[in-house]
Amino acid sequence: MSKDSLALTDNRTGRSYELPIQNGAIRAADLRQVKVSEDDFGLMSYDPAFMNTASCASRITFIDGDKGILRYRGYPIEELAEKSTYLETAYLVLYGDLPTKAELDEWTHNITFHTIIHENIKKFMDGFHYDAHPMGMLVSTVAALSTFYSDAKHIFDVESRKKQTYRLIGKMPTLAAFAYRHSLGMPYAYPDNDLSYTGNFLNMLFKMTEVKYKPNPILEKALDVLFILHADHEQNCSANAMRAVGSSQADPYCSVAAAAAALYGPLHGGANEAVLRMLKEIGSKAKVPEFVKKVKAGEGKLMGFGHRVYKNYDPRAKIIKRIADEVFEVTGKNPLLDIAIELERIALEDEYFIKRKLYPNVDFYSGIIYQAMAFPVEMFPVLFAIPRTSGWIAQWEEMLLDTEQKIARPRQVYLGQDKRSYVAVEQREAGAGKAGPTKPKKAA
Ligand code: SDX
């Protein structure tokens, strides 16, 4: 009868150990018993960028990267995209089950009636340059919300967490829309609580002089589905930032600001913006082969391709591609789509990408839709951050309530200088003892 354990022999001492295997993992702490002497600290696991390290146990999102499976609380993303709404999905991601009608009505009311922001926040917005990147404005203004809600520090009070959840999910679209309007020099358009979550967001973005903004129902629905697809994605870089900052017991606004800052990077949520810039740089279908050749030569990346977990097609990309057709019915076809489709066709046939299992991810087509909906590329990561707020809060709350979790503080493998004595400045030689050269990372 096979046992759920790992038998190890330390060849340095000849000693053997048996480590229990649970849920497909061993506990890294169990390695500490492997020592060469009594005063030995014991073995650690070394895993740069957590390529093979589970930082937590979670019940929120399940991904099978080889099969291209994504489920929120067990529900396939394809079914939620077809049958649910973003607010209903946010409730599911946060509280673990689909809400009853009464629960959904209460949830929707609570979010809707927390869309307005303190008037003083407009003063921060006005302080930014006209061309300030809206993601930089969002990161800083969501952190600033913590200065308005001191009760947010009561992170172990369930009612306080609920209140901050309503405020964060309700106010992120408002902050995002105000940042957008600021960049245009337009007056801020206030929330209209008669509208849906995405309808109101479109209202705050695009309302002109009409008394009441009427969102295009096809665009409203398309954005709602895009929000569903972006709600959570287990332990991605920004969720990890949310958990790490939250583990020090910082308030949820500062933790969301940290998560949004992580999302801003071009390798993460900033990729949708980078995809558009890449497609514009390519310029035409005819130039795709030349661009692909450069990527294969290591001159840059195919933005919107590849994923740490998905080694098959990102299931979200398939759904987004379908939404694109519905949006283009309204907005007219985006000429960049032809370049994207040609890029995908070539990449999916090319050994370089096949060998590295590089397929289009969630960011590859989303940017094309956002551009067709008249969003400037700088707004794309903001459009990712808004719906991901529900996932960040769900990950944060799960971490807070997990009795196994404590402040995140990884260890290191130290390869630096051994003990040495101070040298008076007169006796120092240029370059003596400087840390060795480090290999520069390739830019995105
Ligand atoms: C998101 O984690 C999540 O879940 C994130 C996300 C979410 O919902 O939260 O899904 C959202 O961030 C999607 C990813 C968006 N990013 C991009 O589209 C940027 C382009 N993609 C890459 O930078 C890359 O694929 C990552 C960052 C997404 C994943 O990188 P990994 O897993 O660390 O893989 P790697 O960089 O080690 O690449 C392995 C190989 C390397 O080649 P070799 O050195 O082995 O020769 O694949 C190559 C890489 O150079 N490679 C690419 C590539 N991505 C990886 N080559 C060209 N173009 C690319 N896009």
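**Figure 1. Two domains and the contact between them.** In this predicted model, the centres of domain 1 and domain 2, taken over C-alpha atoms, are 26 Å apart. Domain 1 is made of two segments, 71-269 and 377-401. Domain 2 covers 271-371. To their contact, domain 1 contributes 26 residues and domain 2 contributes 26 residues.

**Figure 2. Helix 5 and its surroundings.** Helix 5 is mostly covered, with 8 of its 11 residues buried. Those buried residues are Pro134, Met135, Met137, Leu138, Val139, Thr141, Val142 and Ala144. Several helices help to cover them. Among them are helix 4 (120-127), helix 6 (158-184), helix 10 (252-263) and helix 17.

**Figure 3. Packing of helix 5 against helix 17.** Helix 5 spans residues 134-144, and helix 17 spans residues 380-401. Their axes lie 8 Å apart and make an angle of about 35°. From helix 5, the contact uses Pro134, Met135 and Leu138. Helix 17 meets these residues with Pro381, Val382 and Ala385. By class, the contact residues are 6 nonpolar, no polar and no charged. Pro134, Met135 and Leu138 are also among the buried residues of helix 5.

**Figure 4. The ring pair of Phe201 and Phe227.** The whole structure holds 21 aromatic pairs. In the pair of Phe201 and Phe227, the ring centres are 6.2 Å apart and the planes stand at 40°, so the pair is tilted. Phe201 belongs to helix 7 (residues 197-206), and Phe227 belongs to helix 8 (residues 217-229). The pair therefore ties together parts that lie 26 residues apart in sequence. Are the two phenylalanines, 201 and 227, buried or exposed? Phe201 is buried, and Phe227 is buried too.

**Figure 5. An aromatic cluster.** Phe201 and Phe227 also belong to one aromatic cluster. Its tyrosines are Tyr86, Tyr180, Tyr197 and Tyr370. Its phenylalanines are Phe201, Phe206, Phe227, Phe375 and Phe380.

**Figure 6. Arginines over aromatic rings.** Two close-ups show a charge placed over a ring. Arg32 lies over the face of Phe41, 3.6 Å from the ring centre. Which ring lies under the charged end of Arg356? The ring is that of Tyr352, and the charged end of Arg356 sits 3.7 Å from its centre.

Notes:
Residues numbered from 1 in each chain as written. Predicted model: local features only at pLDDT ≥ 70, side-chain atom pairs only at ≥ 80, totals over all residues. Heavy atoms only, no water. Axes fitted to C-alpha atoms, helices over the stretch in contact; angles between N-to-C directions. Helix = DSSP H or I, 4+ residues; strand = E, 2+ residues; numbered from the N terminus. Contact = heavy atoms within 4.5 Å. Nonpolar A, V, L, I, M, F, W, Y, C, P; charged D, E, K, R; others polar. Phe/Tyr/Trp six-rings, centres within 6.5 Å; stacked < 30°, edge-to-face > 60°. Buried < 20%, exposed > 50% of the residue type's maximum accessible area, 1.4 Å probe, protein only. Lys NZ or Arg CZ within 6 Å of the ring centre and 35° of its normal. Domains from an automatic or database assignment.
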